[in-house]
Amino acid sequence: MEPGGAGVFFSAFVLPCASLSFYRRAVRRGTGFAILFFVIFMGIVAALTTAGVTRGLLSVTDDIRNAFMEGRVPEITISGGLASVRGPQPAILIDQDNVFIAVDTTGKLTGIDGRRYTSGVLLTRTELVVLNRDELQRLPLTQLNELFQRDPLVINAETTARFWQGFSAWFSLLALLGLLLWDVVVRLLYLAVVALPVFGILSLFRRAPYGGVLAVGVFAFVPALIADYILGRFGVRFFLMQTLLLLVFWGVGMYAVLVPNGWDLLGPDRPLRGWRAWLGLPLLA
């Protein structure tokens, strides 16, 4: 049974990887159909990528709580512009790779050695000292109370974990918007640009509308993206690898569309058999 529009649409997530007849059927539905599929497909890719990023960020929440519970990070209270710390001091949090982060309200540490470190943060009883390259800034803690509109400002396991969760939510939202812009808009423009020389070369041998060439490229991007990912998992990477893979699948798709009788295995107009897309779901996953 030949699938309808919805069947062809959902088959497009898998069948471009292995079905030559799919390209012929899909192109008949127009360029708009191909672009709609691309927007939804890459939107899902962007959402899954964002979900992975969010999961990684949220996993840090437990590390934050453990760091406070194990005493690796001290609890800090800033009230009236003065800091108090629960735990031994000076508390050196990071001292490596030219980075220094510490907490000391006893007066033993008053600054950061710019000759030894390129960046760092030091919390004293009254100031937040920040070193960035050669620039050293001292921020009175009263400004921190005003900035966060809290007095006292408590930095412990729960407040830091809540702050990180809020930061993760905003970062994930920005990451999703950025990925949608890149994966949907920029990649679609990229396909439209690559379609121009493909269209020009094909025009020398066979008449083909630009919209049809672009539609084939959109569906050819699916196996190119999957192949690029799988090869990358095996450590195979080289310059323009995804583009080269795309051109290979694009060429095969154009052959299936323009020379329908030229491949014995394809036949004159072989049924699509969209049910085979279910067999490719593990590959897509």
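**Exercise 1. The lining of the largest pocket**

Task: Determine how many nonpolar, polar and charged residues the lining of the largest pocket has in this predicted model.

Solution.
1. Sorted by class, the lining of the largest pocket holds 27 nonpolar, four polar and four charged residues.
2. The lining comprises 35 residues, and those nearest the centre of the pocket are Phe68, Ile76, Ile155, Thr160 and Phe163.
3. The volume of this pocket is about 1,200 Å³.
4. At least two lining residues come from each of the following: helix H3 (31–69), S1, strand S3 (91–96), strand S4 (99–103), S5, H4, S8 and helix H5 (157–203).
5. The greatest share belongs to H5, with five residues.

**Exercise 2. The two sides of helix H4**

Task: State which residues of helix H4 (residues 141–148) are buried, and which are exposed on the other side of H4.

Solution.
1. Leu141, Leu144 and Asn145 are the buried residues to consider in H4.
2. These residues lie on the same side of H4, because the arc they cover around the axis is only 100°.
3. Glu146 and Leu147, on the other side of H4, are exposed.
4. The cover over the buried residues of H4 includes strand S1 (75–79), strand S2 (82–86), strand S5 (119–123), strand S6 (127–132), strand S7 (135–140) and strand S8 (153–155).
5. After H4 comes glutamine 149, with a positive phi near 55°.

**Exercise 3. The nonpolar cores**

Task: Identify the elements that give two or more residues to the largest nonpolar core.

Solution.
1. The largest nonpolar core consists of 40 residues, and the most contacts inside it are made by Phe37, Leu191, Val213, Phe219 and Trp250.
2. Two or more residues of this core are given by each of helix H2 (20–27), H3, H5, helix H6 (210–233) and helix H7 (241–258).
3. H6 makes the greatest contribution to this core, namely 13 residues.
4. Another core lies apart from it; its eleven residues include Ile76, Ala91, Val103 and Leu144.
5. Two of these names recur from the preceding exercises: Ile76 is among the residues nearest the centre of the largest pocket, and Leu144 is one of the buried residues of H4.

**Exercise 4. Two residues with polar side chains**

Task: Decide whether threonine 105 is buried or exposed, do likewise for aspartate 228, and list what each touches.

Solution.
1. Threonine 105 is located in the loop between S4 and S5.
2. Its relative accessible area is 16%, so threonine 105 is buried, the cut-off being under 20%.
3. Leaving aside residues up to four places away in sequence, threonine 105 touches Ala83, Val85, Gln89, Thr124 and Arg125.
4. Aspartate 228 belongs to helix H6.
5. With a relative accessibility of 8%, aspartate 228 is therefore classed as buried.
6. Under the exclusion of residues up to four places away in sequence, aspartate 228 touches Arg237, Met241, Gln242 and Leu245.

**Exercise 5. Backbone geometry**

Task: Locate the cis peptide bonds that precede proline 90 and proline 152, and describe the residues aspartate 97 and leucine 240.

Solution.
1. As background, most peptide bonds are trans, and a negative phi is found in most residues other than glycine.
2. Glutamine 89 is joined to proline 90 by a cis peptide bond with omega near -5°. Proline 90 is placed in the loop between S2 and S3.
3. The bond between aspartate 151 and proline 152 is cis, with omega about 10°. Proline 152 is placed in the loop between H4 and S8.
4. Aspartate 97 has a positive phi, near 50°, and is situated in the loop between S3 and S4. Its relative accessibility is 68%, so aspartate 97 counts as exposed.
5. Leucine 240 also has a positive phi, near 60°, and is situated in the loop between H6 and H7. Because its relative accessible area is 46%, leucine 240 is partly exposed.

**Exercise 6. The chain as a whole**

Task: State how many helices and strands the chain has, and what percentage of its residues count as buried.

Solution.
1. The chain has eight helices and eight strands.
2. Buried residues account for 36% of the 285 residues of the chain.
3. Of the contacts between residues at least 6 apart in sequence, 58% join residues at least 24 apart.

How values were computed. Residues numbered from 1 in each chain as written. Predicted model: local features only at pLDDT ≥ 70, side-chain atom pairs only at ≥ 80, totals over all residues. Heavy atoms only, no water. Buried < 20%, exposed > 50% of the residue type's maximum accessible area, 1.4 Å probe, protein only. Helix = DSSP H or I, 4+ residues; strand = E, 2+ residues; numbered from the N terminus. Arc of directions from axis to C-beta. Contact = heavy atoms within 4.5 Å. 1 Å grid on protein atoms, 1.4 Å probe; cavity = no way out; pocket = protein on both sides within 12 Å on 5 of 7 lines; lining within 4 Å. Points joined across faces, edges and corners; volume = space filled by probe spheres on them. Nonpolar A, V, L, I, M, F, W, Y, C, P; charged D, E, K, R; others polar. Core = buried A, V, L, I, M, F, W, Y, C linked by side-chain atoms within 4.5 Å.
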